[in-house]
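Student: I am new to this structure and would like a close look at a single part of it. Please pick one place to start and build the picture outwards from there.

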Amino acid sequence: MYPPIAPTNYSFTHFPHFFLHQSPLSTNKILNHQSVNLVCKTKDSNGNIPKTNRNKKLEISELKFDRRDFLLIGFGSSGIYSTVANLKSLSPDFSNCVDAIKPDGKPVNCCPKSSSAAEISDFVPNSVAATTRVRAAAQSVSGAANMAKYKKAIDLMKNLPADDPRNFTQQANVHCAYCDGGYNQEGYSDLKFGIHESWLFFPFHRWYLYFFEKICGKLLEDETFALPFWNWDSPSGMVIPAMFNEIGSPLYDRRRNQDHLPPAVADLNWDEDVLPVRVNPETQIKYNLSIMYKQMITNGTTPRLFMGQPVRAGDDITMKCGAGSIEIAPHNTMHTWTGDPREPNTENMGVFYSAARDPIFYPHHANIDRLWTIWVNKLHGKVFTDPDWLETSFVFYNEDANPVRVKVKDCLDLSRLGYAYEETPIPWIDAKPRPRGKYVRIPNSLEATQALPKTLDNVRIPNSLEATQALPKILDNVLKITVKRPKKFRSAKEKQEAEEVLLIEGIEYDSNH
Ligand code: C2O
């Protein structure tokens with residue numbers, strides 16, 4: 001059961017949305033969503049749609065769960081999959097791309113060269129690839145070679161004709177079209193396809209990087225080319241890698257947060273809306289390692305919690321808010337940490353439609369992909385077996401600029417895809433945070449932040465009745481409520497199979513303060 005306050009000494013305001021995103025409840029019954037944005041949007045207290053929902057706290061007053069969803073509590077991730085794939089598996093209507101919609105509601109055309117359904121061929125990788133491309137950490141010695149080739153490849157991509165599907169802008173647009181509503185679902189002309197905030201997050205980005213890497217290799221005439229990964233989960237990788245910062249380099253992007261250039265240490269729990277609490281680099285590194293532990297291990301105990309919630313053909317993906325732990329953070333948070341707050345939508349990295357225009361996007365996602373393999377190989381060992389997931393397909397242009405359709409089930413074995421990750425130390429694997437922090441951060445109040453850390457020793461704890469009767473409360477102090485737990489003891493096996501979820505419903509707050 002999740003305690004009512006964050007169990008570690010991290011920000012209080014960052015974490016409430018984690019409870020919601022990570023519950024195994026299906027949130028596709030959320031009512032009152034009328035807007036056209038594609039990601040699970042919420043409205044601010046003035047009724048406006050926020051400029052981006054990356055890393056946004058869900059406003060709980062917007063959520064109305066269908067009662068049936070509660071039946072899922074306690075069944076966990078293993079018992080409720082459908083056993084037969086939908087007759088039609090989920091796939092994008094690639095041949096009929098339309099304008100994508102930016103978070104500010106403006107259309108943006110990021111459609112690739114169109115291909116008719118007949119031109120798209122199926123791509124199924126061989127059972128064992130001929131070569132192994134080794135993705136290495138950008139800051140490591142072997143990674144330096146990957147980085148040098150990467151720089152060359154990006155340069156070549158940027159110099160391809162604008163209408164070549166392998167051109168850098170075209171490649172960046174792949175992400176835009178898939179993320180912001182460029183495609184409908186095949187067979188459902190009124191339903192959007194989307195690849196964030198669900199179980200499609202890891203496999204989509206894996207395939208996307210696969211073809212991106214193959215295109216680089218083709219242009220470099222080097223089959224062994226492998227992407228570098230941005231190793232932000234390790235202390236030596238927690239800054240923007242040096243080569244991305246050379247002005248004039250093909251890897252440079254001026255649309256980045258200027259306060260986050262080296263030597264700034266990344267904040268893996270960055271929230272653009274919260275006044276940053278500046279801590280010294282050593283402390284930030286410790287926080288980061290604890291965040292990693294929390295997202296990879298504590299919050300990632302089942303495929304649904306780690307990889308995200310199901311979406312199937314015929315689902316309205318605009319109603320889905322089912323991101324897995326790593327997608328929420330550090331994935332989203334590192335996007336917004338990198339993006340430029342001077343830009344209207346934190347471009348480039350801070351918003352879906354433009355994120356892949358920054359060459360750092362691909363090494364960022366190589367690290368996300370690497371964390372997925374660590375979770376599968378070292379931590380958890382299993383992924384979904386649901387046919388609706390396995391049969392979902394995507395379409396990309398390959399290294400020969402031909403459109404190919406690929407399936408989720410064919411990207412699960414890296415030896416078939418022909419790449420591997422350089423083994424590097426995993427410093428967060430034993431960075432378990434202390435069970436219950438004595439201190440909390442209350443970053444919404446400048447005063448409170450400056451006076452940190454605050455000790456909780458003298459806080460009176462009201463019982464739940466007292467607390468609810470006295471609402472609304474001004475959150476100028478810690479409010480703790482004890483919730484009676486129906487069943488206390490569960491075997492290790494029970495815990496593994498079924499997540500226990502505390503659903504906090506009906507909390508409203510004024511996000512302007
Ligand atoms: Cu498709 Cu990092 O986002």
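**The hairpin and its surroundings**

Tutor: Let's start at A401, which counts as buried at 15% relative accessibility; buried means under 20% relative accessible area, exposed means over 50%, and partly exposed lies in between, using a 1.4 Å probe and protein chains only. This is a predicted model, in which local features need pLDDT of at least 70 and side-chain atom pairs count only at pLDDT 80 or more, while totals for chains, interfaces and linings use all residues. Residues are numbered from 1 along each chain as its sequence is written, and side-chain values use heavy atoms, with hydrogens and water left out.

A401 sits in the loop between β8 and β9. Helices (H or I, at least four residues) and strands (E, at least two) are DSSP runs, numbered from the N terminus. Although A401 is not a glycine, its phi is positive, at about 65 degrees. Most residues other than glycine have a negative phi, which makes this a good spot to look at. The turn that holds A401 belongs to a hairpin formed by β8 and β9, with five residues between the two strands.

Now follow the two arms of that hairpin. β8 and β9 (residues 403-407) run antiparallel and are joined by five bridges; two strands pair if DSSP finds at least two bridges between them. Two of the facing positions are easy to find: F396 has V404 in β9 as its bridge partner, and F394 stands opposite V406 in β9. On pairing in general, strands of a sheet pair through backbone hydrogen bonds, either parallel or antiparallel.

The hairpin belongs to an open sheet of three strands, in the order β3-β9-β8 and with mixed pairing. β3 (121-122) and β8 (393-397) are the edge strands, each with a single partner, so one side of each has no neighbour in the sheet. Helix α4 (residues 201-220) packs on this sheet, touching β8 and β9, and its direction makes about 20 degrees with that of β8. Contact means heavy atoms within 4.5 Å. For the angle, axes are lines fitted to C-alpha atoms, for helices over the stretch in contact, and angles run from 0 to 180 degrees between N-to-C directions. β3 pairs with β9 in the parallel sense over two bridges, and here S121 stands opposite V404 in β9. β9 is mostly covered, with four of its five residues buried.

Next, return to F396 in the hairpin. Leaving aside neighbours within four places in sequence, F396 is in contact with V174, Y178, F204, W207, Y208, F211, N402, P403, V404 and V406. F396 also has a place in the largest nonpolar core: of its 98 residues, Y178, Y362, F394 and F396 touch the most other members. α4 gives the most to this core, with 13 residues. A nonpolar core is a set of buried Ala, Val, Leu, Ile, Met, Phe, Trp, Tyr and Cys residues joined through side-chain atoms within 4.5 Å. In soluble globular proteins, nonpolar side chains tend to be buried together.

Y178 leads us to helix α3, where it is one of the buried residues, along with others including V174, H175 and C176. In α3, 11 of the 12 residues are buried, so the helix is largely enclosed by the rest of the structure. α3 (residues 168-179) reaches 17 Å from its first C-alpha to its last, close to the 16 Å expected at 1.5 Å a residue; the expected span is 1.5 Å times one less than the number of residues. At the start of α3, a side-chain oxygen of N167 comes to within 2.7 Å of the backbone nitrogen of T169. Just after the helix, G181 takes a positive phi of about 90 degrees.

For a last stop, compare our starting residue with T346, which lies in the loop between α7 and α8. T346 is not a glycine either, yet its phi is positive, at about 55 degrees. T346 counts as buried, with 2% relative accessibility. D340, placed in that loop between α7 (325-338) and α8 (352-355), touches T346, among others. D340 is buried too, with a relative accessible area of 1%.

Note on methods
A polar contact is a pair of N or O atoms within 3.5 Å; within protein, one must be able to donate a hydrogen and the other to accept it, and residues adjacent in sequence count only if both atoms are side-chain atoms.
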